Amino acid sequence: MKIAAKQFALYGFHDTKISAIVKEANVTQPTFYLYFKSKDAIFQELIDLFKAKLHTRVEQSRLTSGIETGGLLERIANNIALIFQLFQENEQVARIGFFLSEDAIEIKEQMAKQIEENLAVEVENGYFHSNIDLSIVASAIVGVLGHLTLTKLWTGLKTPDELSKEVTRLFLYGLIREN
């Protein structure tokens, strides 16, 4: 699976050949076909694996009730760091699922919907004000996470923790200078 993910991430779906996957994996094509029906099947399995992991991370990021305001920034930053860590630890699969696959737009839309649902609960719990369109916030978060993953995380310019702290401060406090 790792070798297939690497090949798909490097060459895209259409230019990845099963012969290249099996050669690098040091297996035969018949062995490959014992596990996967086709190139489509392994590609889809990689996407499904990524979707499941991402869904779990976003689900786990929902803030529970009763968190003190003083610990909110750190808690949110830790949750965002876990998402960046998922992208870092699974770079090839994340490239496929979040950027290269035909499902990428749907995956991002599902992630935004899940974040919006989390935010709605968090508004009810009194963490955030209610006079903002949560779907816009959720879409913005997905966009920021994707862009920063490509430009800062995967280039090695920032760590998941550094990125999550910046993103959290931006979304919670904006750009206005404190007096």
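Select Arg 169 to begin: at 37% relative accessibility, Arg 169 counts as partly exposed. Keep in mind that this is a predicted model.

**Stop 1: helix α9**

Now add Glu 166 to the selection. Glu 166 and Arg 169 form a salt bridge, and their closest N and O atoms are 2.6 Å apart. Both residues belong to helix α9. They are three residues apart, about one turn of the helix. Glu 166 is partly exposed as well, with a relative accessible area of 45%. Why can such a pair form? Side chains of opposite charge can pair when their charged atoms come close.

Next, pick Leu 170. Helix α9 covers residues 160-173, and Leu 170 is in it. Is Leu 170 buried or partly exposed? Its relative accessibility is 38%, so Leu 170 counts as partly exposed; the buried class ends at 20%.

Add Phe 171 and Leu 175, and show the surface. Together with Leu 170, these residues make a nonpolar surface patch of about 310 Å².

**Stop 2: the largest pocket**

Keep Phe 171 selected. Then add Ile 76, Leu 119, Phe 128 and Leu 172. These five residues lie nearest the centre of the largest pocket. Phe 171 thus belongs to the surface patch and to the pocket lining. How many residues line the largest pocket? The lining has 28 residues. The volume of the pocket is about 670 Å³.

Colour the helices to see where the lining comes from. At least two lining residues come from each of α5, α7, α8 and α9. Which helix gives the largest share? Helix α5 does, with six residues.

**Stop 3: helix α8**

Select residues 134-153 to see helix α8. Its buried residues include Leu 134, Val 137, Ala 138, Ile 141 and Val 142. Further along, Leu 145, Gly 146, Leu 148, Thr 149 and Leu 153 are also buried. What do the buried residues of α8 pack against? Show α5 (72-89), α6 (91-100) and α7 (104-124), then bring back α9: the buried residues of α8 pack against these helices.

**Stop 4: more salt bridges**

The structure holds four salt bridges. One of them was at the start of the tour, between Glu 166 and Arg 169. Two more are worth a look.

Go to helix α6 and select Arg 95 with Glu 91. Their closest N and O atoms are 2.8 Å apart, and the two residues form a salt bridge. They sit four residues apart in α6, about one turn of the helix. Arg 95 is partly exposed, at a relative accessible area of 26%. Glu 91 is partly exposed too, at 24% relative accessibility.

Move on to helix α7 and select Glu 117 with Lys 113. This salt bridge has its closest N and O atoms 3.9 Å apart. Because Glu 117 and Lys 113 are four residues apart in α7, about one helical turn separates them. The ends of this pair fall in separate classes. Glu 117 counts as partly exposed at 39% relative accessibility, whereas Lys 113 is exposed, with a relative accessible area of 52%.

**Last stop: a loop**

Finish at Asn 26. Where is Asn 26 found? Look in the loop between α2 (18-25) and α3 (29-35). Check its backbone: phi of Asn 26 is near 60°, a positive value in a residue other than glycine. Turn the surface on again. At 71% relative accessibility, Asn 26 counts as exposed.

Conventions
Residues numbered from 1 in each chain as written. Predicted model: local features only at pLDDT ≥ 70, side-chain atom pairs only at ≥ 80, totals over all residues. Heavy atoms only, no water. Patch = residues over 30% accessible without salt bridge, like charges linked within 9 Å, V, L, I, M, F, W, Y side chains within 5 Å. Areas by Shrake-Rupley, 256 points an atom, 1.4 Å probe, with all protein chains shown as cover. Salt bridge = Lys/Arg side-chain N within 4 Å of Asp/Glu carboxyl O. Buried < 20%, exposed > 50% of the residue type's maximum accessible area, 1.4 Å probe, protein only. Contact = heavy atoms within 4.5 Å. 1 Å grid on protein atoms, 1.4 Å probe; cavity = no way out; pocket = protein on both sides within 12 Å on 5 of 7 lines; lining within 4 Å. Points joined across faces, edges and corners; volume = space filled by probe spheres on them.
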